[in-house]
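Me: Hi! I am new to protein structures and would like to learn how to read one. Could you take me through it step by step?

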Amino acid sequence: MKSDRLAIGFVPLVDAAPLIVAHEMGFAAEEGLFFELHRAPSWSALRDRLSFGHLDAAHMLAPVPVAAAMGLGGGGAHLDVLSVLSMNGTVIGVSNTLAEQLHDYGHSFDFQNAQAAGQALIAVCQKPLRIGVPFPFSMHAELVCYWLTALGLPAPENLDIRTIPPQLMVDAVKASEIDAFCVGEPWGSKVVASGCGTLLLPCNAIWAFAPEKVLTVRHDWIKPNTELNHRLIRATWRARRWLAQPSSMTLTSELLSRPEYLDVDADIIECALSGQFTISEQGDQRNVPGFVEFHKGAAGFPWRSQAEWIAHQLARRTGLDPQEAAKRAQSVFRTDLHREALRATAADLPGASSKCEGALSDDSEAPSHRGRVVLQRDAFFDGRIFEPLPFDPHKILAK
Amino acid sequence: MQTNLSIIVVENDRERAIQIVDSLREAGEFEIHVIAEATSLARQIKARQPDIVLIDMSNPSRDTLEEMTLASGPLERPVAMFVDQSASGLSTAAIEAGVSAYVADQLRPERVRAVLEAAIVRFQMFQRMRTELAETKRALEERKVIDRAKGLIMKARKVEEEAAYAILRKAAMDQSKRVADVAEALVTAARLLS
């Protein structure tokens, strides 16, 4: 059988795993697809190559398609999300100078209490706190902003969020360009290894189940390629399901470490996949179960309420109308396509397409099309609950 | 009278920077600054308030410039990634050539055209050079491996160089592989056994 080629872009990070695994382990071939994987040097380059049709699909920061729908950044192409590729998987760290001040203040570096860590940070840091994130439209920026604003350190007056590409984060900390950073693995651990920083929190301490990377395509590519995008969703779903098996971890680390993918030691990748961290130069160890999640708890389901939460945050940060932003964003996460594509598979999908974000303080059962599906704990550190808008299906049909 | 456009070129390779500046000078009268890659890139650019910023798409620092599209302070000028509305597809050509342009808001597209066209030609040349260099390097490395494999066959089978190459080529044809790949496998295997 001749397979259909899809040009797919990714940024060399641990959470590009579903695309790399789909290609390497034959899940793409099973759907008659051949993934031509292109490594991108930056998020903006990846987004633009997708927008201008050089790529069919891309591994993308969840807020990028939402920002595009709000008219922020980029070439203006309308982007849609077919699936979530990964949940969580990022860390926050501080310069060693700031870490020392936190120690003196009595902070325990427990690596789980966002409230305590944030309050200690606000008490000792110079204002404005300069914090590096990989991209202006990223969960890193949104989560940091949500966390510190809630604790009384508002942006931009007292919080200066700066964009620094992950591979330059070490240099920025060394040069005292920034006091703190929020970044995906393996880059946080690399700052620790270079001896200039200490890890403070995994981001799932801020929001227990936050969408991180999404499978993104151009909106106008979907209609003429219905069959193809269904196969793409199924191939990545199988890859994510395979990734969720503990026995897959070693092989995944080996695959990702190859020079054409991450070009990083397999050991470092395995640490991120298993949530084992060395948080300081002194070798303090912390363990974060479920540090990055590909499949469990309907992780791949692109909840419209997730898109709305992102739009809400982004709007508040950029001075746009949050209600209007949420309205534009909700149709970007294509629950309809995700459902259609997976109907004939063993995937168990939630019955609803939108939910109150942050309402689950424990793993809970929810109605699904087969019966019950278990959703992961998704609480925010401050216990707030985000109510989504009612959805107007006519808007999607009219588009 | 319109003032000359001010352009910032972000490029840390001196040689390449000079070439870009020369190309732009040929295209018109501009005020041009070059910034070598640095961690405070976005702020350096903001301080200069240029009309146009040009940067190599393969430069990871491009993400830092994306911050400027969010500029909201009263003294900051909004900046957007250049997207032309004309049928000429200048943006697509730019992306193919590997150059990104950020342009101050309310700058008329025809003023940007000459700058972008000159940059595109120059970056296409860089890209060709990069491909050629990579190809040459690969060819050289393959040649080395093939020579080593030939040497191994000559020693093991006690044959001349030409015969050794024939054996290698036949093995490649039989397995429908490239000669270089078979040579590589042989060299790796020999290293393991020695």
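Me: Let me begin with chain B: how many helices and strands does chain B have?

Reply: Happy to help! Keep in mind that this is a predicted model. Chain B has 7 helices and 5 strands. Going from the N terminus, its elements follow the order β-α-β-α-β-α-β-α-β-α-α-α.

Me: What share of the residues in chain B is buried?

Reply: Of the 194 residues in chain B, 32% are buried. You can also look at contacts between residues with a separation of 6 or more: in chain B, 60% of these join residues 24 or more positions apart.

Me: And how many helices and strands are in chain A?

Reply: Chain A contains 17 helices and 15 strands. Its radius of gyration is 20 Å, close to the 21 Å that the globule rule gives for 399 residues, so chain A is as compact as a globular protein of that length. The C-alpha trace of chain A spans about 65 × 45 × 40 Å along its principal axes. Buried residues make up 56% of the 399 residues in chain A. Among contacts in chain A with a separation of 6 or more, 74% link residues 24 or more positions apart.

Me: Now for sheets. What is the order of the strands in the open sheet of 6 strands in chain A?

Reply: First the general idea: strands of a sheet pair through backbone hydrogen bonds, and the pairing is either parallel or antiparallel. Here, the order in chain A is β2-β1-β3-β10-β4-β13, and the pairing is mixed. At the edges stand β2 (33-39) and β13 (292-293) of chain A, each with a single partner strand, so one side of each has no neighbour in the sheet.

Me: In which sense do β4 and β10 of chain A pair, parallel or antiparallel?

Reply: They pair in the antiparallel sense, over 7 bridges, with β4 covering residues 79-88 of chain A and β10 covering residues 211-218 of chain A. To find one bridge yourself, start at V81(A): its bridge partner in β10(A) is T216(A).

Me: Which strands does helix α11(A) lie across?

Reply: Helix α11(A) lies across β1 (4-10), β2, β3 (57-61), β4 and β10 of chain A, and runs at about 0° to β4(A).

Me: How do α1 and α11 of chain A pack, and at what angle?

Reply: Two packed helices are described by the angle between their axes and the distance between the axes. Helix α1 (residues 17-24) and helix α11 (residues 226-243) of chain A pack at about 100°, and their axes are 8 Å apart. That angle makes α1(A) roughly perpendicular to α11(A). Where they meet, α1(A) brings residues including L19(A) and V21(A), while α11(A) brings residues including W242(A) and L243(A). This contact of α1(A) with α11(A) divides into 9 nonpolar, 1 polar and 1 charged residues.

Me: What about α5 and α6 of chain A: at what angle do they pack?

Reply: Helix α5 (residues 96-105) and helix α6 (residues 114-124) of chain A pack at about 110°, with axes 10 Å apart. So α5(A) is roughly perpendicular to α6(A). Q101(A), L102(A) and Y105(A) of α5(A) meet A120(A), L121(A), A123(A) and V124(A) of α6(A). The residues of this contact are 6 nonpolar, 1 polar and no charged.

Me: Last one: how many residues does each chain give to the contact?

Reply: Chain A gives 28 residues and chain B gives 21 residues. On the side of chain A that touches chain B, α3 (43-51) and α8 (169-174) each supply at least two residues. The largest share there, 5 residues, comes from α3(A). That side of chain A divides into 13 nonpolar, 11 polar and 4 charged residues.

Definitions and conventions:
Residues numbered from 1 in each chain as written. Chains lettered and ligands numbered in written order. Predicted model: local features only at pLDDT ≥ 70, side-chain atom pairs only at ≥ 80, totals over all residues. Contact = placed C-beta atoms within 7 Å. Helix = DSSP H or I, 4+ residues; strand = E, 2+ residues; numbered from the N terminus. Nonpolar A, V, L, I, M, F, W, Y, C, P; charged D, E, K, R; others polar. Axes fitted to C-alpha atoms, helices over the stretch in contact; angles between N-to-C directions. Parallel < 35°, antiparallel > 145°, perpendicular 65-115°, else oblique. Buried ≥ 20, exposed ≤ 12 C-beta atoms within 10 Å, placed from the backbone. Pairing = 2+ DSSP bridges. Rg over C-alpha atoms; globule rule 2.2 N^0.38 Å.
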